[in-house]
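Here are some notes for a colleague who is meeting this structure for the first time. They are best read with the structure open alongside.

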Amino acid sequence: QLNALFHASTNGIRVEKDCNLFMVNPSFLEMFGYGNMDEVIGKPLANIVVEEDRKRVMGYSKQRLSGKAPARYEFRGMRKDGSTFDAEVSVSVYSIEKSSYYVGFVQDITERKAVERSLLMSERVYKSLYESTMALGELKDIGSIMEVIAEQARNMLDGECSTIYMWDEKRELLIPCFSNARRERDKFMDY
């Protein structure tokens, strides 16, 4: 029955021994883009972790017996084809006949991370709009108003500078009227 649960789980499950993959379930294979167990069994755990995260993840594996490693952590997973995804794993230790094994339940959290990034960006935009509104309420001259608008646009778009253009209906073209660029050559777009 436990074997049936292991194979039926929609979470990727991996069993690790001595920093190598000892056993995996079909959902794990699918998540990481492998076709069969032989491609991963006995291979280093590091093979499924992007280079930037390997040292940290392998450190957790070594620290786990002493209880110093987190039970849950995020990392960037690497599929067989080299593509990457955001993953979260919950790990527990079990022992059989003086051997220790680590069971990891892996989830693809790529969508969740995209939503989190989107929410952070949205929060930044709304905070910037609020700050702009508060600052604009105290200003009287058009130069100061444009300076606040340009600075908030730069902050919201995470840019180096911003320029405000006004539409000249008679000439039917955009006329630059304010820029917070530090260098003269960056102030205005060329058409």
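1. The expected span of a helix is 1.5 Å times one less than its number of residues. In this predicted model, helix α4, covering residues 110–137, has 28 residues and reaches 41 Å from its first C-alpha to its last, which is close to the 40 Å expected.

2. Which parts of the structure do the buried residues of α4 pack against? Their partners are β3 (72–78), β4 (84–96) and α5 (142–157). It may be useful to check that K113, S128 and S132 are buried in this helix.

3. The largest nonpolar core has 25 residues, and those with the most contacts inside it are L21, F28, F32, I48, Y73, F75 and V106. At least two residues of this core come from each of β2 (20–24), α2, α3, β3, β4 and β5 (99–108). Apart from this core lies another, of five residues, including F6, I13, V15 and Y101. As general background, nonpolar side chains in soluble globular proteins tend to be buried together.

4. Two residues can be followed through their contacts, leaving aside in each case the neighbours up to four places away in sequence. I48 is in contact with L21, F28, F32, F75, R76, G77 and M78. V57, which is found in helix α3, touches L45, V49, Y73 and F75. V57 counts as buried because its relative accessibility is 2%, and buried means under 20%. Between V57 and K43 there are 15 Å in space, C-alpha to C-alpha, for a separation of 14 residues in sequence.

5. On the surface, F22, M23 and I41 form a nonpolar patch, with about 230 Å² of accessible area together. I41 has its place in the loop between α2 (26–32) and α3 (51–63), and with a relative accessible area of 32% this residue is partly exposed.

6. Which backbone angles deserve a second look? Most residues other than glycine have a negative phi. K98, however, has a positive phi of about 70 degrees although it is not a glycine; K98 sits in the loop between β4 and β5 and is exposed, with a relative accessible area of 89%. E172 is likewise not a glycine and has a positive phi of about 50 degrees. The place of E172 is in the loop between β6 (163–168) and β7 (173–179), where E172 is exposed at a relative accessible area of 59%.

Definitions and conventions:
Residues numbered from 1 in each chain as written. Predicted model: local features only at pLDDT ≥ 70, side-chain atom pairs only at ≥ 80, totals over all residues. Heavy atoms only, no water. Helix = DSSP H or I, 4+ residues; strand = E, 2+ residues; numbered from the N terminus. Buried < 20%, exposed > 50% of the residue type's maximum accessible area, 1.4 Å probe, protein only. Contact = heavy atoms within 4.5 Å. Patch = residues over 30% accessible without salt bridge, like charges linked within 9 Å, V, L, I, M, F, W, Y side chains within 5 Å. Areas by Shrake-Rupley, 256 points an atom, 1.4 Å probe, with all protein chains shown as cover. Salt bridge = Lys/Arg side-chain N within 4 Å of Asp/Glu carboxyl O. Core = buried A, V, L, I, M, F, W, Y, C linked by side-chain atoms within 4.5 Å.
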